[in-house]
Amino acid sequence: MRYDSLVNQSYHLAHFAIAFLILYWLLPRFIFQDSSGDRLERLTNLFVKACYFYIGIGYLLVLTHLYEVLAVAFVIACVLIFPYLRKGKIEERENAINNFRYRFYDALESGFMLRQTVANWRGRNVLPFKRFRPMRNSPEVPIDVSVLGKGKRDLRWMVSQLTNLAPFWLLVLVIGGSAYIRYFDALTQASPPLSDSYVALAWMKYIERRVLFHDGFYPAGFHITLAYLHKFAAIDQLYVLKYTGPLMSLFIALGQYLVVSRLSGNRYAGIIAAAFYGWAGNIFLGGVWERQIGTNSQEFAFVFIMPAIYFAIRYLQTGKRDVLTALLAACSVAGFVHTLAYGYLAIGVACAVGTALLLSLRQFGMRAVWVSLIGCISAVESVSQLLLAKLIHASENDSVKDFINSKVSVPPTELKPWDYVAAAGILLTLIAALLPKKTKVERLPELASAVFGITALLFYRYGGHLSHSVVIVSRADDEWAIGSIFSIGMGLASVWKLIAFMPKYRILEPIVCASLLAGLYQVNPLQPIKAIKMEWESGVRQYLRIASEYRPKTWTIFSQEEGYDLALGNGFHTYLRDFYAMYDPTGESNFPTRKGQTKPDKYIAPDAFVFHEKQVYRLPKTVGISTVLEPTYQRREQENALFAKWLEEFEKTHAKPDVYYEDDNLVIYHFKYPVDPLNNPESVVNGPEPLHRKEH
């Protein structure tokens with residue numbers, strides 16, 4: 001089945017979506033409590049807590065070598081059942097049992113309920129004007145109808161519906177466009193984008209093998225999350241990898257909408273902020289725009305930056321304990337995933353705390369102490385990963401260590417036009433925060449947003465210059481994109497209040513928002529994000545074909561380095577250079593025979609696939625790292641040439657190997673073991689005993 005076929009993508013997307021909804025929507029509703037009446041805030045609250053919960057038990061289960069679906073399900077079941085087993089919970093237990101009984105009988109009557117629902121729906125649509133006549137006569141409809149003629153009441157009702165539904169549909173439009181440009185690659189190209197995706201794929205598989213920090217210490221929170229999704233989705237890990245990266249970058253855009261709309265009270269400003277990140281993020285991210293379709297720890301950690309700032313401000317305003325626990329979850333997850341993102345999150349939370357203390361030490365002092373305590377707890381949890389790595393004697397990750405210790409001298413970052421727009425947004429937000437007739441609680445969100453915007457701008461301009469850190473210099477655009485778009489959204493909300501002061505003309509709000517979106521589309525049309533690839537597309541598709549046609553652990557791929565990450569956990573992988581170095585082309589068997597031996601190699605899987613590149617895949621010369629990879633490409637050309645010579649010698653005494661796949665760039669040869677591996681007692685791969693016996 002073709003990778004990009006509708007049936008194939010529908011099947012795998014359905015599995016992924018169901019697994020995600022079970023893990024991050026259904027189960028959290030039963031595990032965690034949330035008092036918020038805001039649906040999006042409630043969903044965010046549950047999501048961050050679920051991530052925190054799963055990463056925590058994931059570390060525990062991997063460390064104890066118990067990480068499996070049954071173990072995860074057992075822990076979740078215990079957490080669900082435990083509250084009902086405590087003393088004094090008799091009434092809750094009875095209610096839970098009755099609720100289950102009611103749901104069971106409701107399920108039996110689902111056919112009747114479905115018919116009733118359809119009938120009600122049809123009734124609402126047959127006589128809409130009679131049903132909504134009281135609304136049409138309401139004096140609260142936000143439009144001046146004094147100049148309207150006949151039918152003005154019906155028009156008032158239509159305008160009311162437009163103003164109520166417009167924010168939802170405009171947000172759907174923004175998220176839909178953002179999903180299109182991000183998921184286009186995931187749905188049409190099997191090869192992972194960027195080299196980092198291969199690392200994430202391998203580390204996810206190591207977690208499933210219950211191995212922590214295989215290649216040296218690196219926060220494993222994201223890879224534990226990927227492993228959960230794969231365990232519950234039951235599809236190839238490559239699909240989980242391809243679908244998760246774009247989804248997380250969509251969540252960053254949705255986070256912009258959440259924070260801007262809730263802190264400013266203006267949904268349209270939040271929609272524009274989400275559109276800036278979702279549609280036009282390339283303006284702010286520049287050369288790292290392609291990371292939006294990659295699957296990286298950094299982008300996953302970025303998901304929690306804006307929610308953490310939002311929860312910090314909300315807790316300082318309300319003092320709700322549920323919001324405080326959500327703040328702890330958001331901070332801790334970021335610390336478990338990516339240190340740099342956690343530092344940026346800490347800056348935002350610190351700005352909120354500092355602003356609250358400046359406004360009123362008496363009113364916000366105790367709450368600020370609690371937020372600070374949450375920050376300390378999350379910092380300890382983040383550092384505990386390093387202590388855990390030392391405890392299990394994990395080595396240091398050399399590439400990460402070199403990257404962190406690298407120094408560079410750069411001048412202050414030059415501000416671009418959109419940076420000045422963000423600065424203007426900060427100024428407008430600050431002015432709005434200082435307007436009179438506001439309580440300190442009402443003033444806090446805008447003032448904290450302005451302080452965070454100023455801090456983020458200064459960090460972007462001078463962070464790399466003062467620290468000389470390559471890490472900060474190389475990630476400045478990624479972090480500032482979040483801060484700048486947030487500042488633009490809050491500034492736009494301040495300007496938007498001019499329209500809000502005219503309640504009879506609020507029909508202008510969706511029109512202005514739609515016009516801004518149309519203008520943004522004209523300036524920056526939606527184009528699917530294209531990222532660099534590390535190997536031929538056909539090679540990855542053939543891996544998926546092999547994995548679907550042959551049983552796990554019964555096949556070996558001989559290819560270059562990228563094949564290792566793909567085959568890990570499903571089959572076996574050996575480098576192409578090892579193939580012609582180990583095997584004798586003049587051996588007696590058609591199956592690879594080791595040099596100096598006469599029998600086929602029983603130490604490899606019974607189906608061997610050799611990936612021979614007719615043309616070695618190369619990155620375009622316009623890509624910066626292509627020059628760094630040039631020695632690798634030259635080595636691969638030599639290896640493929642040596643294999644071609646080996647194959648030429650092999651064909652002098654043997655039949656030509658079966659061609660499993662061939663195109664202009666790649667040919668895959670299939671070597672099959674001469675004895676059925678299911679009835680081969682000597683097979684090391686399949687064990688000392690045959691998997692089944694024939695009856696005689």
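This passage describes the cores, a pocket and some individual residues of a predicted model.

In this predicted model, local features need pLDDT of at least 70 and side-chain atom pairs count only at pLDDT 80 or more, while totals for chains, interfaces and linings use all residues. Residues are numbered from 1 along each chain as its sequence is written, and side-chain values use heavy atoms, with hydrogens and water left out.

The largest nonpolar core (a set of buried Ala, Val, Leu, Ile, Met, Phe, Trp, Tyr and Cys residues joined through side-chain atoms within 4.5 Å) holds 172 residues, and Tyr54 and Leu327 touch the most other members. Here, buried means under 20% relative accessible area, exposed over 50%, and partly exposed in between (1.4 Å probe, protein chains only). The most is given to this core by helix α11 (residues 237-264), with 15 residues; helices (H or I, at least four residues) and strands (E, at least two) are DSSP runs numbered from the N terminus. Leaving aside residues up to four places away in sequence, the contacts (heavy atoms within 4.5 Å) of Tyr54 are Leu23, Tyr24, Leu27, Pro28, Ile76, Ile224 and Tyr228. A second, separate core has 17 residues, among them Phe558, Trp646, Leu647 and Val667.

Val667 is also touched by His612, as are Asn640, Phe643, Ala644, Asn665, Leu666 and Tyr669, again not counting residues up to four places away in sequence. His612 is found in strand β3 (residues 607-613) and counts as buried because its relative accessibility is 11%.

Attention now turns to a pocket. On a 1 Å grid over the protein atoms alone, a pocket is an open set of points where a 1.4 Å probe fits, with protein on both sides within 12 Å along at least five of seven lines, and lining residues have an atom within 4 Å of a point. The second largest pocket is lined by 34 residues, with Leu40, Leu43, Thr44, Phe251 and Leu254 nearest its centre. Helices α1 (6-31), α2 (39-63), α8 (152-188) and α11 each supply at least two residues of this lining.

Two histidines stand out for their backbone. His65, although not a glycine, has a positive phi of about 60°; His65 sits in the loop between α2 and α3 (69-81) and is exposed, because its relative accessible area is 54%. His468 likewise has a positive phi of about 60° without being a glycine. The loop between α21 (440-467) and α22 (470-500) contains His468, which counts as partly exposed at 33% relative accessibility.
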